Amino acid sequence: VNDLLTLARSDAGQLELVQAPVDLSLLLQEIGQQHLILFDGHNVTLEMEIEDEMEITGEADQLERTIMNLLSNAFKHAPEHSTIHLTGKTANGSAIITVRDEGPGIAEEQQDRLFDRFFRADDARCRKEGEGAGLGLAICKRIVEAHAGKIKVKSKPGEGASFIIRLPLIGADPSHLKRLDNILIDPDNEKA
């Protein structure tokens, strides 16, 4: 119900965020630390590579909700003895956050619909049955967009999935960021 309420508020332009400086580096480290024990208990490793001093403007609770959702999804799709990667880097006035799993990947024809409410990718991708209502990624997208950011997925069947978020750093030039909107962000390319 809370998820539907969040989406309804977003649709009505009423997803109000408390705008304050957020130490994104610290937030990502804390979220990662919270997941280490959970993942380890299921034979999944979490590797973190997070740059220091990434600061954005936004609401820490909503950003935390987004990253936790992406890590939870990665965990659902990660095979045993695999690694989930959480990275946070800066490039071109943006913070680039990537959550990557080593699961079965997502078919190309499903990728455009992943952020639609109630859409669930092929159940074969999920190692745990009956989980999720298909709202989590829709909420992630609304929260990221409310922070003037973008979220994308990059995946090939059999090669895992990467969810990539770009958020403007404090002091970033908005006109420069606008020009970057149509550029595909590649998590393996720091110049993206």
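This report describes the fold, sheet, core and selected residues of a predicted model.

**Overall composition**

The chain has 192 residues, of which 47% are buried. Its secondary structure consists of six helices and seven strands, arranged along the sequence as α-β-α-β-β-α-β-β-α-α-β-β-α. Among contacts with a separation of 6 or more, 71% are between residues 24 or more positions apart. The accessible surface is about 10,300 Å², and carbon and sulfur atoms contribute 46% of that area.

**The sheet**

Five strands form an open sheet in the order E2-E4-E5-E7-E6, and the pairing is mixed. Strand E2 (44-50) and strand E6 (150-155) are the edge strands, each paired on one side only. From one strand to the next, the twist averages 15°. Helix H5 (residues 136-146) packs on this sheet, where it touches E6 and strand E7 (161-168). The direction of H5 makes about 135° with that of E6.

Three of the strand pairings are set out below, each with one pair of facing residues where given.

| Strand pair | Sense | Bridges | Residue pair |
|---|---|---|---|
| E2 and E4 | parallel | seven | Leu-46 and Ile-84 |
| E4 and E5 | antiparallel | seven | Thr-87 and Thr-98 |
| E5 and E7 | antiparallel | seven | Ser-94 and Pro-168 |

E4 and E5 form a hairpin with two residues between the strands. In this hairpin, Asn-92 takes a positive phi near 50°. E5 is mostly covered, with six of its seven residues buried.

**Thr-87 in strand E4**

Thr-87 belongs to strand E4, which spans residues 82-91. With a relative accessible area of 17%, Thr-87 counts as buried because this value falls under the 20% cut-off. When neighbours within four places in sequence are left aside, Thr-87 is in contact with Glu-49, Ile-96, Ile-97 and Thr-98. Of these, Thr-98 is also the bridge partner of Thr-87 in E5.

**The nonpolar core**

The largest nonpolar core contains 36 residues. Those that touch the most other members are Leu-24, Leu-71, Ile-84, Leu-86 and Phe-163. Helices H2 (24-40), H3 (60-77) and H5 each give two or more residues to this core, as do strands E2, E4, E5 (94-100), E6 and E7. H3 gives the most, with six residues.

Two of the residues named above can be followed further. Ile-84 of E4 stands opposite Leu-46. Leu-24 touches Met-54, Ile-56, Ala-95, Ile-97 and Leu-167, not counting residues up to four places away in sequence. Ile-97 is thus a contact of Leu-24 and also a contact of Thr-87.

**Helix H5**

H5 is largely enclosed by the rest of the structure, because eight of its 11 residues are buried. The buried residues are Gly-136, Leu-137, Ala-138, Ile-139, Cys-140, Arg-142, Ile-143 and Val-144. This list includes Arg-142 alongside residues such as Leu-137 and Ile-139. H5 is also one of the elements that give two or more residues to the largest nonpolar core. Just after H5, Ala-148 takes a positive phi of about 60°.

Key
Residues numbered from 1 in each chain as written. Predicted model: local features only at pLDDT ≥ 70, side-chain atom pairs only at ≥ 80, totals over all residues. Heavy atoms only, no water. Helix = DSSP H or I, 4+ residues; strand = E, 2+ residues; numbered from the N terminus. Buried < 20%, exposed > 50% of the residue type's maximum accessible area, 1.4 Å probe, protein only. Contact = heavy atoms within 4.5 Å. Pairing = 2+ DSSP bridges. Axes fitted to C-alpha atoms, helices over the stretch in contact; angles between N-to-C directions. Core = buried A, V, L, I, M, F, W, Y, C linked by side-chain atoms within 4.5 Å. Areas by Shrake-Rupley, 256 points an atom, 1.4 Å probe, with all protein chains shown as cover.
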